Amino acid sequence: METLVQVDTSMGAFTIALDAAKAPKTVANFLAYVDAQHYDGTIFHRVINGFMVQGGGFDQRYEKKSTLAPIQNEADNGLLNTLGTVAMARTGDPHSATAQFFVNVSDNTFLNHRSKQGADWGYAVFGKVTSGMELVEQMKVVPTGEGGPFAKDAPLTQIVIRSVRRL
C-alpha cells in the first residue's frame with residue numbers, strides 16, 4: 001500500500017504517492033520529516049523551468065533548517081527522474097540527502113542512476129505527484145531572481161510550504 005502526502009503551499013496543494021517498496025530508506029526519511037512537521041513554513045527556494053522545483057530546506061528568511069543525518073542514496077532503485085516524479089536533493093556527495101526534495105518538471109534523464117561512481121550515482125526518486133501537477137506547472141514558471149544565498153533561481157514571490165501531511 002502506498003503512502004500519500006499532501007503538500008499545501010501558498011499557491012495551492014499537490015499530492016505525492018510515496019514508493020516505499022522501491023525506496024524504503026528514502027521514504028522513511030521523508031516521512032520522519034513530515035511527521036516532525038519539519039516542512040511547515042519552509043519554501044521552494046529553487047525553481048528552474050524545464051528542470052525542477054526544489055524545497056524543504058530553508059525557512060522564509062532563507063535560514064537553513066536543521067536536519068537528521070544524511071541517508072544512503074537509493075537512486076539505483078529503478079525509478080527514473082521523469083516528469084512529475086519526486087526525488088531527494090543532495091550535494092555532490094551521493095549519500096548527502098537529508099530533507100530537501102524536488103519535483104521534476106521535465107524528463108531529467110541525466111539525473112538517473114548510471115553507476116555507483118561519483119556523479120553517475122544519480123538522484124533517488126521516491127514518489128510521484130498524483131494530483132495537483134497543474135499547480136507544479138504553475139510553480140515552475142514563477143518569476144525568479146536573487147533570494148537569500150541564491151543568485152538567480154529563487155522565486156521573487158516566495159512559495160511557502162504551509163504543511164506536508166500524510167493523507
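Which residues does Leu 135 touch, once those up to four places away in sequence are left out of the count? I would like to start there, and then work outwards to the sheet, keeping in mind throughout that what we are looking at is a predicted model.

Leu 135 sits in helix 2, which covers residues 133-139, and the residues that it touches, with those up to four places away not counted, are Thr 9, Met 11, Gly 12, Ala 13 and Phe 14. If we take Met 11 from that set, the two residues are 124 apart along the chain, and yet their C-alpha atoms are separated by 7.4 Å. The relative accessible area of Leu 135 is 5%, and because the limit for calling a residue buried is under 20%, Leu 135 counts as buried.

Let me turn now to the strands in that part of the chain. Strand 1, residues 3-9, and strand 2 run antiparallel and are joined by 7 bridges, and together they form a hairpin with 2 residues between them. For those who want to follow the register on the screen, Val 7 has Phe 14 as its bridge partner in strand 2, while Leu 4 has Ala 17 as its partner there. Ala 17 also stands opposite Lys 128 in strand 7, and strand 7, residues 125-131, pairs with strand 2 in the antiparallel sense over 4 bridges. Strand 2 itself, residues 12-18, has 5 of its 7 residues buried, so it is largely enclosed by the rest of the structure.

If we step back to the whole sheet, these strands belong to a closed barrel of 8 strands, which runs 1-2-7-5-6-4-3-10 with antiparallel pairing. Within this sheet, neighbouring strands are turned by 35° against each other on average, with direction ignored. Helix 1, residues 24-35, lies across strands 1, 2, 5, 6, 7 and 10, and it runs at about 110° to strand 10.

Next comes His 45, which is placed in strand 3, residues 42-48. Is this histidine buried or exposed? With a relative accessible area of 1%, His 45 is buried. Leaving aside residues up to four places away in sequence, His 45 touches Gln 54, Gly 55, Phe 58, Gln 100, Phe 150, Asp 153, Ala 154 and Pro 155.

Pro 155 brings us to another hairpin, since it is the bridge partner of Thr 144 in strand 9. Strand 8, residues 144-147, and strand 9, residues 150-155, pair in the antiparallel sense over 3 bridges. The two strands form a hairpin with 2 residues between them, and Gly 148, in the turn, has a positive phi of about 55°.

Finally, a few words on the largest pocket, whose volume is about 230 Å³. Its lining is made up of 16 residues, and those that lie nearest its centre are Lys 64, Thr 91, Ser 96, Thr 98 and Gln 100; Gln 100, you may recall, is also one of the residues that His 45 touches. What is the make-up of this lining in terms of nonpolar, polar and charged residues? It divides into 4 nonpolar, 9 polar and 3 charged residues. As for the strands, strand 4, residues 52-59, gives the most to the lining, with 3 residues.

Definitions and conventions. Residues numbered from 1 in each chain as written. Predicted model: local features only at pLDDT ≥ 70, side-chain atom pairs only at ≥ 80, totals over all residues. Heavy atoms only, no water. Buried < 20%, exposed > 50% of the residue type's maximum accessible area, 1.4 Å probe, protein only. Contact = heavy atoms within 4.5 Å. Pairing = 2+ DSSP bridges. 1 Å grid on protein atoms, 1.4 Å probe; cavity = no way out; pocket = protein on both sides within 12 Å on 5 of 7 lines; lining within 4 Å. Points joined across faces, edges and corners; volume = space filled by probe spheres on them. Nonpolar A, V, L, I, M, F, W, Y, C, P; charged D, E, K, R; others polar. Axes fitted to C-alpha atoms, helices over the stretch in contact; angles between N-to-C directions.
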